[in-house]
Amino acid sequence: MPVSPPDTYRAAEASHRYVLDLVREADRERFLGALFAPEPQRSGLLTLLAFDHELARTRTVTREPMLARIRLEWWREAVGEASGVGKPRAQPIVDALCETTRRHRLTVESLVALIDAREEEIEGPLDVMRAGHALADLELAVLGVEDAASRQAAHAVGAAWLMGEGPERDQLVGDARALRRKIDPAALPILLPALALDRPMGPLRRPLAYWWAARRGRY
């Protein structure tokens, strides 16, 4: 049976809708940031956020370490399929991830790096630097951003997002903002959520704040 070239795979519309609804509900701040990316990058960012959400859920889905590792192994197999040339397993996030991975040439290694980072959380504290950097690298690849300043800023925001309040998080956000004049504007969708790390914003003010910051190239 012939298969489509890797970059022509298209996920079902129902899979994209599932991803969008999931991220909008579970990860509102980063959902809003992703909306400022053009298509198809926007769909790619939302898919990565849904993927990250599912990995993060491992610690709550089961308290048994062995079962948690089995769950993550399922995802390792799934991303291997998503990066191949055949049809992936029938699961909406995997379906959308297959399109994103093949369209943007994401590597299996970069996807597994995020799974490996989340695995540390099964029996110990999450390494927020490792996990934040792994997701940021995937997002930058989807956005086609490769410069060092944008990568440094995205790493800082990605790690800060996983931290609780405190001076270390403030320092990371400050480091990211110090690079405002050097970043590629295409990276803004994954930097805008830094706005939410300063102070809580109401649901009505939040979209306007993101829009205004995006117009000014700030985060």
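**Rings, charges and empty space: a quick tour**

Okay, let's start with W212: at 45% relative accessibility, this residue counts as partly exposed, where buried means under 20% relative accessible area, exposed over 50%, and partly exposed in between, using a 1.4 Å probe and protein chains only. W211 is partly exposed too, with a relative accessible area of 40%.

A bit of housekeeping. What we have is a predicted model, where local features need pLDDT of at least 70, side-chain atom pairs count only at pLDDT 80 or more, and totals for chains, interfaces and linings use all residues. Residues are numbered from 1 along each chain as its sequence is written, and side-chain values use heavy atoms, with hydrogens and water left out.

Now, the rings. How many aromatic pairs does the structure hold? Three. Rings of Phe, Tyr and Trp (its six-membered ring) pair if their centres lie within 6.5 Å; planes under 30 degrees apart count as stacked, over 60 as edge-to-face, and the rest as tilted. Take F51 and W75: their centres are 5.5 Å apart and their planes are at 55°, so this pair is tilted. That pair joins distant parts of the chain, with F51 in helix α3 (residues 41–56) and W75 in helix α5 (residues 65–82), 24 residues apart. Helices, by the way, are DSSP runs of H or I, at least four residues long, numbered from the N terminus. Both F51 and W75 are buried.

Back to W211 and W212: they form a tilted pair as well, 6.2 Å centre to centre with 35° between the planes.

F51 and W75 also belong to one aromatic cluster with W74. And W74 has a charge to deal with: the charged end of R89 sits over its ring, 4.7 Å from the centre. For that we want NZ of Lys or CZ of Arg within 6 Å of the ring centre and within 35 degrees of the ring normal. R180 does likewise with Y219, its charged end being 5.6 Å from the ring centre.

On to empty space. Rolling a probe the size of a water molecule over the atoms shows where it is left. We work on a 1 Å grid over the protein atoms alone: a cavity is a set of points where a 1.4 Å probe fits but cannot get out, a pocket is an open set with protein on both sides within 12 Å along at least five of seven lines, and lining residues have an atom within 4 Å of a point. Grid points are joined across faces, edges and corners, and a volume is the space filled by probe spheres set on the points.

The largest pocket has about 240 Å³. It's lined by 14 residues, with R30, A56, R59, R118 and L162 nearest its centre. Helix α3, the one with F51, gives the most to this lining, four residues.

The second largest pocket holds about 200 Å³. Here helix α12 (residues 205–216) is the top contributor, with five residues.

What about closed spaces? There are three cavities of 30 Å³ or more. The largest is about 140 Å³, and of its 15 lining residues, R30, L135, E139, I190 and P193 are closest to the centre. The second largest has about 50 Å³, and its lining includes R30, R118, L135 and L162. So which residue should you click on to follow along? Try R30, which lines that second cavity and also lies among those nearest the centre of the largest pocket.

Notes. Helices (H or I, at least four residues) and strands (E, at least two) are DSSP runs, numbered from the N terminus.
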